[in-house]
Amino acid sequence: MKKYEIVIAGFGGQGVLSMGKILAYSGLMGNKEVSWMPSYGPEQRGGTANVTVIISDEKISSPILNSYDIAIVLNQPSLDKFIGKVKPGGMLIYDGYGIHTEPKRDDIKLYKIDAMDASLQMNNTQVFNMIVLGGLLKLAPMVDIEHVLLGLKKSLPERHHKLIPLNEAAILKGMEIIREKEQ
């Protein structure tokens, strides 16, 4: 039995909620039990947003969590808020672009992904969240990439389906560039 309790947090506009939604869709398509619970401030763009996603082989008793197996943080306020809520033995993934004070904890694994830099190299900052998702799936392959692509198809309006190959390339890029932080 495997269960992943995840929080993804950052500024509105970074694709935090859609990353969570795609992860949830992907879990459903893999016949997993799934919970997706978004939370955001009054202003979506520029305000902080986070989403809790649970993917499990068994029924999920509650979508409300106080601690997480995995935290993905994309800005300093999110790092400050969630670093203490990662369970010992869990992992924290962060993009260095939005973090001013490097995370420090010796009872969890810390991973850095330079997703903003990679999205700029790909000439499309909108794939930022898919690069981060790729990094997550490299470390914790909780869903198949085929299901992620189906999830993208389900969550993207049809006029954006032409972007699915770019998103797939972004996921693969994220898998390639995620690195464990030396402690």
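## Basis of the description

Two strands are taken to pair if DSSP finds at least two bridges between them, and the strands themselves (E, at least two residues), like the helices (H or I, at least four residues), are DSSP runs numbered from the N terminus. The structure is a predicted model, in which local features need pLDDT of at least 70 and side-chain atom pairs count only at pLDDT 80 or more, while totals for chains, interfaces and linings use all residues. Residues are numbered from 1 along each chain as its sequence is written, and side-chain values use heavy atoms, with hydrogens and water left out.

## The sheet

Strands of a sheet pair through backbone hydrogen bonds, in either the parallel or the antiparallel sense. Here seven strands make up an open sheet of mixed pairing, in the order S2-S3-S1-S4-S5-S6-S7. Its edges are formed by S2 and strand S7 (179-180), each of which pairs on one side only.

Strand S3 (residues 48-56) runs antiparallel to strand S1 (residues 3-11), to which nine bridges join it; within this pairing Glu5 stands opposite Ile54, and Ile8 stands opposite Val51. Strand S2 (residues 33-40) is also antiparallel to S3, over eight bridges, and Met37 stands opposite Thr52 there. With buried meaning under 20% relative accessible area, exposed over 50% and partly exposed in between (1.4 Å probe, protein chains only), eight of the nine residues of S3 are buried, and the strand is mostly covered.

On S4 the pairing is parallel, with four bridges to S1 and five to strand S5 (residues 86-94). Ile72 of S4 stands opposite Ile8 and also opposite Ile93 in S5. Because five of its six residues are buried, S4 is largely enclosed by the rest of the structure.

## Helices against the sheet and each other

Helix H1 has 14 residues, which at 1.5 Å a residue (the expected span being 1.5 Å times one less than the number of residues) should span 20 Å, and its end C-alpha atoms are indeed 20 Å apart. The buried residues of H1 are Val16, Leu17, Met19, Gly20, Ile22, Leu23, Ala24, Ser26 and Gly27, and what covers them includes S1, S2, S3, H4 and H5. After H1 comes Asn31, whose phi is positive, near 60°.

Asn129 lies in helix H4 and counts as buried because its relative accessibility is 6%. Contact meaning heavy atoms within 4.5 Å, Asn129 is in contact with Gln14, Gly15, Ser18 and Met19 once its neighbours within four places in sequence are left aside.

In helix H5 the residues Ile145, His147, Val148, Leu149, Gly151 and Leu152 are buried, and the buried residues of this helix pack against helix H1 (16-29), H4 and helix H6 (164-177). Leu152, which lies in H5 (residues 145-155), has a relative accessible area of 2% and is therefore buried. Not counting residues up to four places away in sequence, Leu152 touches Ile22, Met130, Ile164 and Asn167. Its C-alpha atom is separated by 8.5 Å from that of Ser26, although the two residues are 126 residues apart along the chain.

## Nonpolar cores

In soluble globular proteins, nonpolar side chains tend to be buried together. A nonpolar core is here a set of buried Ala, Val, Leu, Ile, Met, Phe, Trp, Tyr and Cys residues joined through side-chain atoms within 4.5 Å. The largest such core has 42 residues, and those with the most contacts inside it are Leu23, Ile70, Ile93, Leu133, Leu136 and Met142. Helix H4 (residues 128-139) gives the most to this core, with seven residues.

Leu23 touches Ile6, Val53, Ile55, Leu133, Leu136, Leu137, Met142 and Val143, with residues up to four places away in sequence not counted. Apart from the largest core lies another, of 16 residues, among them Ala9, Ile54, Ala71 and Val86.

## Aromatic rings

Rings of Phe, Tyr and Trp (its six-membered ring) pair if their centres lie within 6.5 Å, and planes under 30 degrees apart count as stacked, over 60 as edge-to-face and the rest as tilted. By this rule the count comes to one aromatic pair, formed edge-to-face by Tyr68 and Phe82 at 5.9 Å centre to centre, with 80° between the planes. The pair links distant parts of the chain, 14 residues apart, with Tyr68 in strand S4 (residues 68-73) and Phe82 in helix H2 (residues 76-82). Both Tyr68 and Phe82 are buried.
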